[in-house]
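User: Could you walk me through this structure? I'd like to start with the metal site and then look at a few spots on the outside.
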Amino acid sequence: MLFEFGTANRIIFGAGTIKRVGGLAADLGRRALVVTGRSPERADALVQQLKRHDIIACRFSITGEPTLRLLANGLSQARGHDADLVIGFGGGSVIDAGKALAALVSNPGDVMDYLEVIGRGRPLTNVPAPCIAVPTTAGTGAEVTCNAVLKSTEHDVKVSLRSPLMFPRFAVVDPEVTLSLPPQVTAATGMDALTQLIEAFVSKRSNPLTDCLCRDGIKRVARSLRTAYFRPDDAGARSDMSLSSLFSGLALANAGLGAVHGIAGPLGGLREVPHGVICAKLLPTVVKINVQALQNREPTSTALVRYQEVFRWLTGTRTATATDGIEWLNQLVKDLQIPPLCNYGLRSSHTARLVLQAQKASSMQTNPVSLSAAELEEIVSEAS
Ligand SMILES: [Zn+2]
């Protein structure tokens, strides 16, 4: 057994913990770039809190996913403000942008120097500015990962800026912040967390530490995602979902993911679809095809035993079969009213290109079984 486990320097979890961000920030810097989502006024209370701690804040707002152009704007704003600290306050895209800006503000050049796949892929030379990640959704776990997913509209792909130096200094996870999330965001982000937990659990790189996190997280999502969707002010369900999301980030950063995320990357680059919606639509079919492929080609694989465990936790039934587990997932996607991918303009003519790109994705390397082009085609067609 040989493994490594990396995460944020300090994780602070619990209702009301957002009130501690100002005090934590005061130990790290004096000039903060606060990255927010499309409603920057949501960060008003946070900016006031920073002011009380003598921190001068400058806001940078992200609408949609972080594109390279948006990031270049954020970088010139951060450099203009002389930022010595970055706070990401928002969903996964905002936190990813925050981590990327913290890395770039203390390193020379621009993002293309450091981007993988389409950039020059150089390692960061300087330690990034300290970053505090405060998630306002419960799904991506970006507060404890060391990469930032960025979109290149020029190349129509999503790629990562990645470095072990990019783990946030503090991850402050306050479930109370998620009480006001609209149901469709709760649904999509929650399905992302569930997908990340299942993929990390059956991943080729799973380890005993990530296993513990996935076991606990999957059970919490199974009992609380529906409740958080139908009763948004249920504090217990929100706490379960924030914790599961955190666990999914801890797990994926150390165990990797699988075919759902391998396809979700290129698909999200091709069409503007919320990442969680893509995960929700792909997950049941990927589980089905993975189980079939394992039964046919690697019947002694421990991943099959792991899938059995997942099906028992999801359904709450000791004798649950693969059919029961997949049916449970399909029913969940239906109950959460996840829209079909064709609503976002995905067509069968996109399939061949998606399959080619998915085969090269890093997440595909940790899928429990290697899938053929025909199997990937089947997954994409069924999900669209
Ligand atoms: Zn994800």
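**Metal site and surface**

User: Which protein donors does the zinc ion have?

Analyst: In this predicted model, the donors of the zinc ion are Asp192 through OD, Gln196 through OE1, His261 through NE2 and His275 through NE2, lying 2.1 to 2.2 Å from the ion.

User: And where do aspartate 192 and histidine 261 sit in the chain?

Analyst: Aspartate 192 belongs to helix α5 (residues 183-202) and histidine 261 to helix α8 (residues 259-270), 69 residues apart, so that the pair links distant parts of the chain. The spacing of the donor residues in sequence is D-x3-Q-x64-H-x13-H.

User: Are those two buried or exposed?

Analyst: Aspartate 192 and histidine 261 are both buried.

User: What about the geometry of the zinc site?

Analyst: The site is irregular, with angles of 85 to 156° among the 4 donor atoms. Four donors count as tetrahedral if all angles lie between 85 and 135 degrees.

User: Switching to the surface, which residues form the nonpolar patch?

Analyst: The patch consists of Met1, Phe3, Phe5 and Leu209, which together have about 440 Å² of accessible area. Methionine 1 lies in the segment before β1 (10-13) and is exposed, with a relative accessible area of 86%.

User: Which residue in the loop between α3 and β4 should I look at?

Analyst: Aspartate 82 is in that loop, between α3 (68-81) and β4 (85-90), and has a positive phi, near 60°, although the residue is not glycine. At 56% relative accessibility, aspartate 82 counts as exposed.

User: And what is phi for glutamine 337?

Analyst: Phi of glutamine 337 is near 50°, again a positive value in a residue other than glycine. Glutamine 337 lies in the loop between α11 (322-335) and α12 (351-360), and counts as exposed at 60% relative accessibility.

Note on methods. Residues numbered from 1 in each chain as written. Predicted model: local features only at pLDDT ≥ 70, side-chain atom pairs only at ≥ 80, totals over all residues. Heavy atoms only, no water. Donors = N, O, S within 2.8 Å, 3.2 Å for Na, K, Ca; no water. Tetrahedral: all angles 85-135°; square planar, octahedral: opposite > 155°, others 65-115°. Helix = DSSP H or I, 4+ residues; strand = E, 2+ residues; numbered from the N terminus. Buried < 20%, exposed > 50% of the residue type's maximum accessible area, 1.4 Å probe, protein only. Patch = residues over 30% accessible without salt bridge, like charges linked within 9 Å, V, L, I, M, F, W, Y side chains within 5 Å. Areas by Shrake-Rupley, 256 points an atom, 1.4 Å probe, with all protein chains shown as cover. Salt bridge = Lys/Arg side-chain N within 4 Å of Asp/Glu carboxyl O.
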